[in-house]
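Biologist: I am new to this structure and would like a close look at a single part rather than a quick tour. Please choose one element, go through it slowly, and then show what lies around it.

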Amino acid sequence: MNITDFDFELPEELIAQTPLNDRTASRLLVMNRESKTIDHQSFTDIIDYLQPGDCLVLNDTKVLPARLYGSKEDTGGKVEVLLLHQQEGDRWEVLVKPAKRVKKGTVITFGEGVMTATCEDELEHGGRVLHFHYDGIFYEVLNNLGEMPLPPYIKEQLPDRDRYQTVYAKEEGSAAAPTAGLHFTKELLGKIEAKGVEIAFITLHVGLGTFRPVSVDRIEDHDMHAEFYHMSQDTAEQLNRIKRNNGRIISVGTTSTRTLETIANDFGLEFMAASGWTDIFIYPPYQFKAIDGLITNFHLPKSTLIMLVSAFAGKSFVLQAYEEAIERRYRFFSFGDAMLIL
């Protein structure tokens, strides 16, 4: 398939720059895959579409303040660093800008010498391996020096870091938020559980694989960057029980979906406890094995995320829904409105 098959025109003013004061105040576009109907609701109405015996699967990854601004020790040239994932010890795979300034052996200083990093390897697409040097605890130093890694299309500052975290974020390691989960509050999750809907947690640390642009014409030629995932034994047993009882597994976000489908592809009919790296790339005509429903945000044109959603709901139906959303002035991308696909 061609990358242009997943393109659409989006007015720039529909890109949400700030989160709503109330997480649950977003709008909700509901797509029914069987009837090919589209409903327009509020996010709090999501509870009406969930049934006792269903299970929401949430990604409990926690976003690191992963964007650092430093300078080259020898020239003072400015460098921006985005942490992607931790390798061994204090070595991290990162993205750097401008990449041409950072060669193997380059030393970068952060926070007037509070922390330094030496480039030990040069990777593709601006990737580098940096070895960090500091006193104390790395995450405490990072919390003082780093900024939340908001996407480049968000121009506004975010005064409250927690608004780029889900309320259930727990496992540190992401370079971006699993944004479908930003709409939930603890109160709404409590009401959902009170209806008899179960909550399950998996982890996928969001990295380059999720948000790297597709730069090839044929989407089949795109290579996904691997991201770390984990499913516990308790979650595997919970999801297997839900399936045996004919409950629906509703994935919250494309990251949860990619984790569930990775495990389903690896282990077949039953979920299993597993950890590892996934580079799964889901696009039409992928046959889903794990999920029965999907809660997600509105995604960028020509992105791997809109390809995944198109695989689940059908490309023409998804583009029809996006057209309606644009006509009705929905808010798009990370801090935007939500979709429920059943």
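Modeller: Two strands count as paired if DSSP finds at least two bridges between them, and the elements themselves are DSSP runs numbered from the N terminus, helices being H or I over at least four residues and strands E over at least two. This is a predicted model, in which local features need pLDDT of at least 70 and side-chain atom pairs count only at pLDDT 80 or more, while totals for chains, interfaces and linings use all residues. Residues are numbered from 1 along each chain as its sequence is written, and side-chain values use heavy atoms, with hydrogens and water left out.

The part I choose is strand 3, residues 55-59, which is mostly covered, since five of its five residues are buried (under 20% relative accessible area with a 1.4 Å probe and protein chains only; exposed is over 50%, and partly exposed lies in between). In a regular strand the side chains alternate between the two faces of the sheet. Here Cys55, Val57 and Asn59 point one way, Leu56 and Leu58 point the other way, and all are buried.

Strand 3 has a partner in strand 12 (residues 198-204), to which it runs parallel and is joined by five bridges; within that pairing, Leu58 has Phe201 as its bridge partner. Strand 14 (residues 249-252) also runs parallel to strand 3, joined by three bridges, and there Cys55 is matched with Ile249 while Val57 is matched with Ser251.

These pairings belong to an open sheet of nine strands with mixed pairing, in the order 2-1-17-16-14-3-12-13-15. Its edges are strand 2 (37-42) and strand 15 (274-278), each of which pairs on one side only. With direction ignored, neighbouring strands of the sheet are turned by 25° against each other on average.

Helix 5 lies across strand 3, and also across strand 12, strand 13 (227-231), strand 14, strand 15 and strand 16 (293-297), running at about 70° to strand 13. Contact here means heavy atoms within 4.5 Å, and the axes are lines fitted to C-alpha atoms, for helices over the stretch in contact, with angles from 0 to 180 degrees between N-to-C directions. The helix covers residues 254-267, 14 in number, and reaches 20 Å from its first C-alpha to its last, close to the 20 Å expected (1.5 Å times one less than the number of residues). Eleven of the 14 residues of helix 5 are buried, among them Thr254, Arg258, Leu260, Glu261 and Ile263. Just after helix 5, Gly268 takes a positive phi of about 85°.

Aromatic rings add further links, and a search of the whole structure finds 20 aromatic pairs. Rings of Phe, Tyr and Trp (its six-membered ring) pair if their centres lie within 6.5 Å, with planes under 30 degrees apart counted as stacked, over 60 as edge-to-face and the rest as tilted. Tyr164 and Phe335 form an edge-to-face pair, 6.0 Å centre to centre and with 80° between the planes. This pair links distant parts of the chain, 171 residues apart, with Tyr164 in the loop between helix 1 (138-145) and strand 11 (171-174) and Phe335 in the loop between helix 7 (315-327) and strand 17 (338-341). Tyr164 counts as buried because its relative accessibility is 1%, and Phe335 is buried with a relative accessible area of 4%.

Tyr322 and Phe332 have ring centres 5.8 Å apart and planes at 75°, so they too form an edge-to-face pair. Tyr322 lies in helix 7 and Phe332 in the loop between helix 7 and strand 17, so this pair ties together parts that are ten residues apart in sequence. Tyr322 is buried, with a relative accessible area of 1%, and Phe332 counts as buried at 0%. Ring pairs link both of them into a cluster with Phe8, Tyr153, Phe298, Tyr330 and Phe333. The charged end of Arg27 sits over the ring of Tyr330, 4.0 Å from its centre, where sitting over a ring requires NZ of Lys or CZ of Arg within 6 Å of the ring centre and within 35 degrees of the ring normal.
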